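Student: I'm new to this one and would like to learn how to read its side chains. Can we go through it together?

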Amino acid sequence: MIRITVDAEPLEGRDGQTIAGVLIGAGRTAWRTAQTGDRGVFCGIGVCHDCLVTVNGVEGVRACQREAVDGDRVEREVRA
Amino acid sequence: MTGIGVGVGAGARGARRVAILGGGPAGLAAAQAALAAGARVTLLDEGGRLGGQYWRHHEQLTDRRLQHGWARFERLRGVLDRAEVHNGASVWSAEASDGTLRLRAVVGPADAAGRTALEVEADAVVVATGAHDLALPLPGWTLPGVTTAGAAQALAKRDGVTVGRRTVVSGAGPFLLPVAQSLAVAGSEVVGVHEASRLGGLAAGWLPRPWQLAGKAGELVEYVGALARHRIPYRVGSGVVRVLGTDRVEGVVIAALDADWRPVPGTEREVACDSVALGHGFTPRLEVAIALGAAIEGDRRGRFVVVDDAQRTSAAGVYAAGEITGIGGADAALAEGAVAGFMAAGGSLDDDRMRGPLAVRRRMRAFAARLERAHGIRPGWTSWLADDTVVCRCENVTRRTIADRADAPLRAMKLATRAGLGACQGRTCGRAVEAVVAAAGGAPEGFDRRPVLAPVRLGEVAAVGRGSDSGAVAVETAISTAGRGESAVAAAEPQ
Ligand SMILES: Cc1cc2nc3c(=O)[nH]c(=O)nc-3n(C[C@H](O)[C@H](O)[C@H](O)COP(=O)(O)OP(=O)(O)OC[C@H]3O[C@@H](n4cnc5c(N)ncnc54)[C@H](O)[C@@H]3O)c2cc1C
Ligand code: FES
């Protein structure tokens, strides 16, 4: 088990999951605000950049590629 | 599947230096064969683990039922203790000068600040960067809950999760079958699998030479069995033409499609679901091959790296293997990789060890041609787009905006509409934009030419030294931490 926070809210995930995996496992499918509405995972393999989040203060991290680490602070991104 | 035995003398000093980009079936087979031919091998892959798309896995999270040919993977991986392997290595630059090929990568957790710079020099490079899904746009496809078929597959295999509880799978090609199986095993109800091609097209593609399916047949039969066990309906000549919902997926509209993939009026029906997996085929990841100067050929339906019988590209010392030379599945990728790696290491096609891979490659090339005949994208699909349907997801560019500029040269069209200029650099929308332009009377080409190979931080690129080294042993340079606020996509310039 690992714990991360998403916009300060704690979420539990399984060790080794990507950040997208943890979010989806917790029932969340959207975590980025775009012009036409919220977005989450689309391609799942690092190609489309729809799944971007801020991780520990670093922007533009692909949630589908980044393995979650216990204690990670994840924040939502708002972009056109 | 045929393997190639590993000979002696691998990794000797003074041996040919072969760099392999990609750790999927093609890259792994290339590494094994290059080692067998006595080369010093360096393999790079941006993934955290080897295996590529086909053998994507996580020791604890992957359900064993979703893995195929695992023993082959373990054999290939086992040989690599005699090579230098870099996981988590995003290659962002590839160039040739004075007969030396040079790859530059950043190594570390995906998109992290302060990754390590890596430079690899080689006498020959095998490019095996694979493909990604081609999901055609539909009204509503930007709603959360809509993913590519490959994403559904990757999430199930890699993370053990599914996006929704009730999923509709729609698109074209045999890949929809393992995706449906994975969704079911990982716990989603699959409401239906919708294959756009009609029986006529499927029969023309598959029935004349069913023996060519040998090799792939076992796997396909297994998927069909899984569909039956999970009571998943499989419908041909139909597809999702609209996704319903306001904040997330609430359902889809499914319609019958004619032979050109045009929705047949009056056949629409609504189906309730909370997720949709779309896959209309694959598109090759050509960036590195193009950067190294390899010729690309084809038409709007598919452009691939051109290779000869030895898997040589038009660029000196550059070999290509796997999905970037044509979409033919894992067996084709393995066979091509073995040939490419062996030849890159200075081997000969007459070598006895090449007989197996060459035979498999011949059979699988025929398979790829039939795949395209049976499931290739048909031009009528653009008629399911509404005027205000987003085609370029990154920049939210609609069908109408693109069609209005269809007569402009591609570069002007991109600058005026911003289609293809967003974070993904047209990887997701490129083929769709070209189809919309073509349907509106324009003649587009060149969406696959991109200045950026892989997303890296500006700070990381700026800090990379120009130092070179004498062997395939990479130079590692510590680089400064990228500052907060920089985009993960470097200098995404319009072309
Ligand atoms: C998401 C997805 C899932 C798939 N799942 C299946 C499946 O379950 N079953 C099936 O039969 N077929 C599947 N396929 C089809 C699959 O493409 C092939 O059959 C097979 O994996 C092709 O092998 P390959 O070696 O050519 O490429 P891949 O397996 O795609 O390997 C290419 C590798 O190159 C790496 N790479 C690319 N660019 C860079 C770069 N710039 N820097 C560093 N590394 C890079 C990638 O990380 C990847 O590991 C899938 C395809 C996709 C896109
Ligand atoms: S979902 Fe496409 S990059 Fe993460």
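Student: Which residues form one aromatic cluster?

Tutor: Keep in mind that we're looking at a predicted model. The cluster brings together B:Tyr54, B:Trp55, B:Trp70 and B:Phe73.

Student: How do I read a pair of rings?

Tutor: You describe a pair of aromatic rings by the distance of the centres and the angle of the planes. Over all chains, this structure holds six aromatic pairs. Take B:Tyr54 and B:Trp55: their ring centres are 5.4 Å apart and the planes meet at 65°, so we call the pair edge-to-face. Both of these residues are buried.

Student: And what is the arrangement of B:Trp381 and B:Trp384?

Tutor: That pair is tilted, because the planes sit at 55°, with the centres 5.9 Å apart. B:Trp381 and B:Trp384 are both buried as well.

Student: Which residues lie over the face of a ring?

Tutor: Here you look for a charged side chain above the ring. B:Lys157 lies over the face of B:Tyr54, 5.9 Å from the ring centre. Another case is B:Arg393, which lies over the face of B:Trp141 at 4.8 Å from the ring centre.

Student: Does B:Arg393 turn up anywhere else? What does its side chain meet in a salt bridge?

Tutor: Its partner is A:Asp50, at 2.7 Å from N to O. This pair crosses between chains: A:Asp50 is in the loop between strand 4 and strand 5 of chain A, while B:Arg393 is in the loop between strand 21 and strand 22 of chain B. Both A:Asp50 and B:Arg393 are buried.

Student: How many salt bridges are there over all chains?

Tutor: There are 31. One of them joins the side chains of A:Arg28 and A:Glu9, at 2.8 Å from N to O. That pair links distant parts of the chain, 19 residues apart: A:Arg28 is in the loop between helix 1 and strand 3 of chain A, and A:Glu9 is in strand 2. A:Arg28 has a relative accessible area of 22%, so it counts as partly exposed. A:Glu9 is partly exposed too, at 41% relative accessibility.

Student: Are B:Asp352 and B:Arg355 buried or exposed?

Tutor: Both are exposed. They form a salt bridge, with the closest N and O atoms 2.9 Å apart. Salt bridges can also share partners, and in that way B:Arg17, B:Glu95, B:Arg102, B:Arg104, B:Glu119, B:Glu121 and B:Asp123 are joined into one network.

Student: How would I read a single residue, say B:His68? Where does it lie?

Tutor: Start with its place, then its exposure, then its neighbours. B:His68 lies in the loop between strand 2 and helix 2 of chain B. Its relative accessible area is 11%, so B:His68 is buried. Its side chain makes a polar contact with the side chain of B:Tyr223 at 3.4 Å. Leaving out residues up to four places away in sequence, B:His68 touches several residues, among them B:Tyr54, B:Trp55 and B:Glu219.

Student: Which residues in the largest nonpolar core touch the most other members?

Tutor: Of its 53 residues, those are B:Val243, B:Val252, B:Trp381, B:Trp384, B:Ile402 and B:Val433. Helix 12 of chain B gives the most to this core, with five residues. There is also a second, separate core of 40 residues, which includes B:Trp55, B:Trp70, B:Val126 and B:Ala340.

Definitions and conventions: Residues are numbered from 1 along each chain as its sequence is written. Chains are lettered from A and ligands numbered from 1 in the order in which they are written. This is a predicted model: local features need pLDDT of at least 70, side-chain atom pairs count only at pLDDT 80 or more; totals for chains, interfaces and linings use all residues. Side-chain values use heavy atoms; hydrogens and water are left out. Rings of Phe, Tyr and Trp (its six-membered ring) pair if their centres lie within 6.5 Å; planes under 30 degrees apart count as stacked, over 60 as edge-to-face and the rest as tilted. Buried means under 20% relative accessible area, exposed over 50%, partly exposed in between (1.4 Å probe, protein chains only). A charge sits over a ring if NZ of Lys or CZ of Arg is within 6 Å of the ring centre and within 35 degrees of the ring normal. A salt bridge is a side-chain nitrogen of Lys or Arg within 4 Å of a carboxyl oxygen of Asp or Glu. Helices (H or I, at least four residues) and strands (E, at least two) are DSSP runs, numbered from the N terminus. A polar contact is a pair of N or O atoms within 3.5 Å; within protein, one must be able to donate a hydrogen and the other to accept it, and residues adjacent in sequence count only if both atoms are side-chain atoms. Contact means heavy atoms within 4.5 Å. A nonpolar core is a set of buried Ala, Val, Leu, Ile, Met, Phe, Trp, Tyr and Cys residues joined through side-chain atoms within 4.5 Å.
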